[in-house]
Amino acid sequence: MNKIEVTILRKMYLYGYIGKRHTSLDNLPKGFPKNERGNVDKAVKKLIKQNYIVKKPTGYGCTAR
């Protein structure tokens, strides 16, 4: 895992998004520098593929658990 993936998972754990509630996938890049947001999106897709993040379809988009 690279530094961005670890930071995403740590952020989700600290804010209670792992095991307790969910958040929009659009919120995950917040807090990162604007020039890193493309890398954050790639890291999120990789984490979804590896089943570290589970997508939950909703009526307004997708959320992460």
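The exercises below, each with a worked solution, concern a predicted model.

**Exercise 1. The salt bridge**

Task: Determine how many salt bridges the structure holds, which residues form a salt bridge with Lys46, and which helices are tied together.

Solution:
1. The structure holds one salt bridge.
2. Its partners are Lys46 and Glu5, whose closest N and O atoms are 3.4 Å apart. This separation satisfies the criterion, because a salt bridge requires a side-chain nitrogen of Lys or Arg within 4 Å of a carboxyl oxygen of Asp or Glu.
3. Lys46 belongs to helix 2 and Glu5 to helix 1, so the pair ties together parts that are 41 residues apart in sequence.
4. As a general principle, side chains of opposite charge can pair when their charged atoms come close.

**Exercise 2. The surroundings of Glu5**

Task: Classify Glu5 and Lys46 as buried, partly exposed or exposed, and state which residues Glu5 touches beyond four places in sequence.

Solution:
1. The relative accessible area of Glu5 is 1%. Since buried means under 20%, Glu5 falls in the buried class.
2. Lys46 has a relative accessible area of 40% and is therefore partly exposed.
3. When residues up to four places away in sequence are not counted, Glu5 touches Ala43, Lys46 and Leu47.
4. With Lys46, the side chain of Glu5 also makes a polar contact of 3.4 Å.

**Exercise 3. The nonpolar core**

Task: Establish how many residues the largest nonpolar core has, which helices each supply at least two of them, and what Ile8 contacts outside its sequence neighbourhood.

Solution:
1. The largest nonpolar core has 14 residues. Those with the most contacts inside it are Ile8, Met12, Leu28, Val44 and Ile53.
2. At least two residues of this core come from helix 1, and at least two from helix 2 (37–49).
3. Leaving aside neighbours within four places in sequence, Ile8 is in contact with Phe32, Val40, Ala43, Val44, Leu47 and Ile53.
4. Two of these contacts of Ile8, Val44 and Ile53, are also listed among the core residues with the most contacts.
5. Ala43 and Leu47 appear among the contacts of Ile8 and also among the residues that Glu5 touches.

**Exercise 4. The nonpolar surface patch**

Task: Identify the residues that make the nonpolar surface patch of about 490 Å², and place and classify Leu14 and Ile18.

Solution:
1. The patch is made by Tyr13, Leu14, Tyr15 and Ile18.
2. Leu14 is located in helix 1. Its relative accessibility of 64% makes Leu14 exposed.
3. Ile18 is found in the loop between helix 1 (3–14) and strand 1 (23–24). At 36% relative accessibility, Ile18 is partly exposed.
4. Both values are compatible with patch membership, because patches are made of residues with over 30% relative accessible area.
5. Leu14 is 22 residues from Glu36 in sequence, and the two C-alpha atoms are 21 Å apart in space.

**Exercise 5. Asn51 and Lys55**

Task: Locate Asn51 and Lys55, classify their accessibility, and state what is notable about phi of Asn51.

Solution:
1. Asn51 is in the loop between helix 2 and strand 2, and Lys55 is in strand 2 (residues 55–57).
2. Asn51 is exposed, with a relative accessible area of 60%, whereas Lys55, at 42%, is partly exposed.
3. Phi of Asn51 is near 65°, a positive value in a residue other than glycine.
4. Lys55 and Thr23 are 32 residues apart along the chain, and their C-alpha atoms are separated by 9.8 Å.

Terms used. Residues numbered from 1 in each chain as written. Predicted model: local features only at pLDDT ≥ 70, side-chain atom pairs only at ≥ 80, totals over all residues. Heavy atoms only, no water. Patch = residues over 30% accessible without salt bridge, like charges linked within 9 Å, V, L, I, M, F, W, Y side chains within 5 Å. Areas by Shrake-Rupley, 256 points an atom, 1.4 Å probe, with all protein chains shown as cover. Helix = DSSP H or I, 4+ residues; strand = E, 2+ residues; numbered from the N terminus. Buried < 20%, exposed > 50% of the residue type's maximum accessible area, 1.4 Å probe, protein only. Core = buried A, V, L, I, M, F, W, Y, C linked by side-chain atoms within 4.5 Å. Contact = heavy atoms within 4.5 Å. Polar contact = N/O pair within 3.5 Å; in protein donor to acceptor, adjacent residues only side chain to side chain.
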